[in-house]
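Here are a few notes to read alongside the model. Have it open as you go, and take the points in order.

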Amino acid sequence: MSHNIESMFYTRTAPWHGLGNRVEHALTSQDALTAAGLDWNVIQKPIQTEDQITIPGYKANIRDTDQRVLGVVTDRYKVVQNHEAFAFTDELLGEGVRYETAGSILNGKKVWLLAKLPDNYIIAGDRINPYLVFSNSHDGSGSIKIAMTPIRVVCQNTLNLALNNAKRMWTTIHTGNVKSKLDEAKKTLLLAEYYMDKLGAEVDRLNKIKIPDYKVLEYIELLLPLPDNASNLQTKNIQQLRTDMQHRYFDAPDLSHVGKNAYRFINAVSDFATHAKPLRETSSYKENLFMRTMEGNPLIDKAHELVIASA
């Protein structure tokens, strides 16, 4: 497991990022809190100089179990505890909610949880499961983020396209009345069904956009461009990535039923963005891939823009 992952669990089959401890069934919030190693609280303490002079306007966020300093924040910063995140999601999704994965990275500075939403969707013959992802930071570096992300079940590829007419993410900073802000998030997440409807309509449109093979190769070159004055090694590496993406379009078994169209291309790019290893495998690349489950992947969005622009 990567050293940036502090604690994490996953349900049954190892997820594509391959991280975490396995459990047999999706868990309730209390069990998930424990299995993910998130059963701790953040306390705030004043910051002092070596001469014990208090520094005004700032506090340290400290984990109560080991006194680890997670970050330095302003007096305005409001802590959202891990158990509050689970309680909020329980309330949002209702009785019977179960968590597929949860955990922390960077020694507790960032935490997340993921729960399957109750409805399934069949889009273009594919079963798409929408998931709720809640992400929070305890170091002052990021906002609270809550998003719905659709995952194509057969290959565990995300289809979280950036749609201009439908939102799938809500964010807020750790100031003011955070509880009332979380209550407001519920209204945003009620739009999940609306997003899935719009995604279905977009997939229908993508299925109707036919793409000749030569155009696929052009798109791949645009997505994976060669830098100016590329060295022989750079050229070889980029060609290797291009060949990988081509294989995911032309040869993927899960796309055999899909015509040569824009939807097939988006799926191939999503498969590449979700599963392909980088040329240089950094210690944090799997965590970064996982977090893009929430944020979205710019490569997939660029592919979407390309096929729509030339339709």
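1. Start with Phe134, which sits across from Ile146 in β10. This is a predicted model, so treat that pairing as part of the prediction. The two strands involved, β9 and β10 (residues 144-152), run antiparallel and are joined by eight bridges.

2. Follow the chain from β9 into β10 and you go round a hairpin with six residues between the strands. Look out for Gly140 in that turn: its phi is positive, at about 85°.

3. Now step back along the chain to β8 (residues 121-123), which pairs with β9 through three bridges, again antiparallel. Here Ile122 is the residue facing Arg127 of β9. These strands make a hairpin too, with two residues between them, and Ala124 in the turn has a positive phi of about 55°.

4. Strand β7 (residues 110-116) is another antiparallel partner of β9, held by seven bridges. If you want one pair to find on screen, Lys110 is bridged to Ser137 in β9.

5. So how many residues of β9 are buried? Eleven of the twelve in this strand (residues 126-137), which leaves β9 mostly covered.

6. A word on confidence before you read too much into any one spot. The protein chain has a mean pLDDT of 86, with 90% of its residues at 70 or more. Among its elements, helix α5 (residues 213-223) has the highest mean, 97, while helix α8 (residues 285-295) has the lowest, 64.

Key. Residues are numbered from 1 along each chain as its sequence is written. This is a predicted model: local features need pLDDT of at least 70, side-chain atom pairs count only at pLDDT 80 or more; totals for chains, interfaces and linings use all residues. Side-chain values use heavy atoms; hydrogens and water are left out. Buried means under 20% relative accessible area, exposed over 50%, partly exposed in between (1.4 Å probe, protein chains only). Helices (H or I, at least four residues) and strands (E, at least two) are DSSP runs, numbered from the N terminus. Two strands pair if DSSP finds at least two bridges between them. pLDDT is the predictor's confidence in each residue, from 0 to 100.
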